[in-house]
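User: I'd like to go through this protein with you piece by piece. Could you help me read it?
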Amino acid sequence: MNIPVVNLQALLSLAFFVAALFIARAVANIYRGTWPGGQWIVFYLRTLLGFLLAGAAILAYCSFAGVDVISRYL
């Protein structure tokens with residue numbers, strides 16, 4: 001299988017976005033008190049959410065532009 005790297009970037013971007021949706025749901029459940037956790041867990045998860053959304057946005061933009069950032073910087 002010879003899959004272009006730009007398509008793998010788009011797939012990884014989609015995976016980051018889905019993970020961000022899961023983290024956002026977890027933050028909402030912890031904040032409401034449905035799930036156990038405290039202030040620091042919410043802070044950590046919101047920080048992780050920011051990194052996941054930034055990674056998803058950058059990978060999506062680069063994949064639409066046709067720029068290969070995975071093999072260039074790894």
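User: Where does Gln9 lie?

Analyst: In this predicted model, Gln9 lies in helix α1.

User: Is Gln9 buried or exposed?

Analyst: Gln9 is buried, because its relative accessible area is 0%, and a residue counts as buried when that value is under 20%.

User: And which residues is Gln9 in contact with, leaving aside its neighbours within four places in sequence?

Analyst: With those neighbours set aside, Gln9 is in contact with Leu59, Cys62, Ser63, Val67, Asp68, Val69 and Ile70. There is also a polar link to mention, since the side chain of Gln9 reaches the backbone nitrogen of Ile70 at 3.3 Å.

User: Ser63 is on that list, so where is the place of Ser63?

Analyst: Ser63 sits in helix α2, and it is buried, with a relative accessible area of 12%. Apart from residues within four places in sequence, the contacts of Ser63 are Val6, Gln9 and Ala10.

User: What about Asp68, where is it found?

Analyst: Asp68 is found in the loop between α2 and α3, and it counts as partly exposed, with a relative accessibility of 22%.

User: Which residues does Asp68 touch, not counting those up to four places away in sequence?

Analyst: On that basis, Asp68 touches Val5 and Gln9. As for distances, Asp68 and Val6 are 62 residues apart in sequence, while their C-alpha atoms are 6.0 Å apart in space.

User: What does the side chain of Asp68 reach?

Analyst: The side chain of Asp68 reaches the backbone nitrogen of Ile70 at 3.4 Å, and it also makes a polar contact, at 2.2 Å, with the side chain of Ser71. The backbone nitrogen of Ile70 is reached by the side chain of Gln9 as well, at 3.3 Å.

User: Let's zoom out. How many helices and strands does the protein have?

Analyst: The secondary structure comes to three helices and zero strands, and along the sequence the pattern reads α-α-α. The radius of gyration is 15 Å, which is well over the 11 Å that the globule rule gives for 74 residues, so the protein is more spread out than a compact globule.

User: What does the C-alpha trace span along its principal axes?

Analyst: The C-alpha trace spans about 45 × 20 × 20 Å along those axes. The accessible surface comes to about 5,600 Å², and 72% of that surface belongs to carbon and sulfur atoms. Of the 74 residues, 24% count as buried.

User: Which residues make up the largest nonpolar core?

Analyst: The largest nonpolar core has nine residues, namely Ala20, Ile23, Ala26, Val27, Ile30, Val42, Leu45, Leu49 and Leu52. The elements that give two or more residues to this core are α1 (5-32) and α2, and α1 gives the most, with five residues. As general background, nonpolar side chains tend to be buried together in soluble globular proteins.

User: Can we take a couple of those? What is Val42 in contact with, and what about Leu52?

Analyst: Leaving aside neighbours within four places in sequence, Val42 is in contact with Val27 and Ile30. With the same kind of neighbours left out, Leu52 is in contact with Phe16, Ala19, Ala20 and Ile23. Leu52 lies in helix α2 and is buried, with a relative accessible area of 15%. Leu52 and Ile30 both belong to the core, and their C-alpha atoms are 19 Å apart in space, with their positions 22 residues apart in sequence numbering.

User: And Phe51, buried or exposed?

Analyst: Phe51, which lies in helix α2, counts as exposed, because its relative accessibility is 62% and the exposed class begins over 50%. From C-alpha to C-alpha, Phe51 and Ala20 are 8.9 Å apart in space, and they are 31 residues apart in sequence.

User: Last topic, what pLDDT does the protein average?

Analyst: The protein averages a pLDDT of 95, and 100% of the residues score at least 70. Among the elements, helix α2 (residues 39-65) has the highest mean pLDDT, at 97, whereas helix α3 (residues 70-73) has the lowest, at 83.

Terms used:
Residues numbered from 1 in each chain as written. Predicted model: local features only at pLDDT ≥ 70, side-chain atom pairs only at ≥ 80, totals over all residues. Heavy atoms only, no water. pLDDT = per-residue confidence, 0-100. Helix = DSSP H or I, 4+ residues; strand = E, 2+ residues; numbered from the N terminus. Core = buried A, V, L, I, M, F, W, Y, C linked by side-chain atoms within 4.5 Å. Buried < 20%, exposed > 50% of the residue type's maximum accessible area, 1.4 Å probe, protein only. Contact = heavy atoms within 4.5 Å. Polar contact = N/O pair within 3.5 Å; in protein donor to acceptor, adjacent residues only side chain to side chain. Rg over C-alpha atoms; globule rule 2.2 N^0.38 Å. Areas by Shrake-Rupley, 256 points an atom, 1.4 Å probe, with all protein chains shown as cover.
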